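Got your viewer open? Keep the selection box handy, and we'll walk through this structure one stop at a time.

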Amino acid sequence: MSLQKDIHLYTASTMNGWKPVVFLEEAGVEYDLTHIDFSKNEQKAPDYVKLNPNGRIPTIVDRANNDFVVFESGAILWYLAEKYGKFLPSDPDEKSRTLQWLMFQMGGVGPMMGQAMYFQRIAAKNGNEDPFAIKRYVDESRRLMEVLDTHLEGKDFLVNNEYTIADMATYTWARAYYWANVSVDGLPHLQAWFDRIDDRPATQRALEIPKPFWAFFGKGDVEAQERENADRFKQDVKK
Ligand SMILES: N[C@@H](CCC(=O)N[C@@H](CS)C(=O)NCC(=O)O)C(=O)O
């Protein structure tokens, strides 16, 4: 009997990296984990790029399905939801609504907040400050937070009052509003949704896997973690 688990997850402690961890912890699925170390550029190593042609995390390999590889965090959540029959409604309309909010995160919340974070926490910290880009991405991120807040009024979760992969994907990004310097003031429905997901034991476990990075949430030694993070991507920032 093999000791290997079905799912082998390659990830790191980032907003995209936590998405499959949140799913697997919530679903109670055991998995093997490889921590991809950005400081060693392991996400660009030839063997890893064979799995993830984008050279980024996360990636999963499903050993129970002929080593089927899935990259792109939204596709990974979708695959896991179908495989384990969890966190994706079976009703076609509710399923479509879930995928709509998942795409909203993949195409909007993630890229906008990611760039807001990049220009402030990496580019600016490595001597390349671009106020126009920062304003553009912070304003657009705030607008998206307002869309979420309006949608969440009177609801516990994004779709059908049921915790789904759309919540998992959106939470890991939106909850890191501190790191993007995006205000969530005056957005009570969004904040209540954060509290609801913060309180889930699986969320708390997931945010420490592979290791915690509390600075994303404004906790701990933010300055030291910010420096560590900025240094990892120093070579990418051209003056
Ligand atoms: N669209 C991809 C984005 C993946 C992505 O950007 N991952 C980041 C961490 S959140 C990464 O691997 N960064 C390392 C690098 O840029 O070299 C997904 O959702 O999986």
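A polar contact, as the term is used on this tour, is a pair of N or O atoms within 3.5 Å. Keep that cut-off in mind for the ligand stop. One more thing before you click: this is a predicted model.

**Stop 1: the ligand**

Select the ligand and show what surrounds it. You should find Thr-14, Asn-16, Phe-38, Gln-43, Lys-44, Arg-56, Ile-57, Pro-58, Glu-72, Ser-73, Met-106 and Phe-233 around it. Now zoom in on Glu-72: one of its polar side-chain atoms lies 2.8 Å from a nitrogen atom of the ligand. Because a polar contact needs N or O atoms within 3.5 Å, that pair at 2.8 Å makes the cut. Move to Ser-73, where a polar side-chain atom sits 2.6 Å from an oxygen atom of the ligand. Then try Lys-44, which has an N or O atom in its side chain 3.2 Å from a ligand oxygen.

**Stop 2: two oddities beside the ligand**

Stay with Glu-72 for a moment. Which loop is Glu-72 in? Follow the chain and you'll see that Glu-72 belongs to the loop between β4 and α3. Its relative accessible area is 37%, so Glu-72 counts as partly exposed. Check its backbone angles too: Glu-72 has a positive phi of about 80 degrees, although it is not a glycine. For background, most residues other than glycine have a negative phi, and most peptide bonds are trans.

Next, select Ile-57 and Pro-58, which are also among the residues surrounding the ligand. The peptide bond from Ile-57 to Pro-58 is cis, with omega near 5 degrees. Pro-58 itself is placed in the loop between α2 (46-51) and β3.

**Stop 3: the sheet**

Switch to a cartoon view and colour the strands. Four strands make an open sheet, in the order β2-β1-β3-β4, and their pairing is mixed. The edges are β2 and β4 (68-71), each of which pairs on one side only. From one strand to the next, the twist averages 20 degrees.

Now focus on β3 (residues 59-62) and β4. In which sense do β3 and β4 pair, parallel or antiparallel? They're antiparallel, joined over four bridges. To see one partnership, select Thr-59 and Phe-71: Phe-71, in β4, is the bridge partner of Thr-59.

Add some helices to the view. Helix α1 (residues 15-27) packs on the sheet and touches β1 (7-11) and β2. The direction of α1 makes about 145 degrees with that of β1. Helix α3 (residues 73-84) lies across β1, β3 and β4, and runs at about 135 degrees to β4.

**Stop 4: Asp-32 on an edge strand**

Select Asp-32, which you'll find in strand β2 (residues 31-35). Leaving out residues up to four places away in sequence, Asp-32 touches Gln-4, Lys-5, Ile-7, His-8, Leu-9 and Arg-63. Its side chain reaches the backbone nitrogen of Lys-5 at 3.1 Å. For a sense of scale, draw a line between the C-alpha atoms of Asp-32 and Arg-142: these residues are 110 apart in sequence and 36 Å apart in space.

**Stop 5: two loops to visit**

Jump to Glu-162, in the loop between α5 (131-152) and α6 (165-174). Is Glu-162 buried or partly exposed? It has 30% relative accessibility, so Glu-162 counts as partly exposed. Setting aside neighbours within four places in sequence, Glu-162 is in contact with Pro-89, Phe-157 and Asp-167. Its C-alpha atom is 10.0 Å from that of Thr-98, although 64 residues separate the two along the chain.

Then hop to Asn-181, in the loop between α6 and α7 (188-198). Asn-181 isn't a glycine, yet its phi is positive, at about 55 degrees. With a relative accessible area of 43%, Asn-181 is partly exposed.

**Stop 6: the way to α9**

Select Ile-209 and Pro-210. The peptide bond joining them is cis, with omega near -5 degrees, and Pro-210 lies in the loop between α8 (201-206) and α9.

Finish on α9 (residues 222-232), where Val-222, Gln-225, Glu-226, Asn-229, Ala-230 and Arg-232 are buried. Why do they share a side of α9? They cover an arc of only 155 degrees around the axis, which puts them on the same side of the helix. Turn on α4 (92-123) as well: the buried residues of α9 pack against α4.

How values were computed
Residues are numbered from 1 along each chain as its sequence is written. This is a predicted model: local features need pLDDT of at least 70, side-chain atom pairs count only at pLDDT 80 or more; totals for chains, interfaces and linings use all residues. Side-chain values use heavy atoms; hydrogens and water are left out. Buried means under 20% relative accessible area, exposed over 50%, partly exposed in between (1.4 Å probe, protein chains only). The arc is that of the directions from the helix axis to the C-beta atoms. Contact means heavy atoms within 4.5 Å. A polar contact is a pair of N or O atoms within 3.5 Å; within protein, one must be able to donate a hydrogen and the other to accept it, and residues adjacent in sequence count only if both atoms are side-chain atoms. Two strands pair if DSSP finds at least two bridges between them. Axes are lines fitted to C-alpha atoms, for helices over the stretch in contact, and angles run from 0 to 180 degrees between N-to-C directions. A residue is near a molecule or strand if one of its heavy atoms lies within 4 Å of it.
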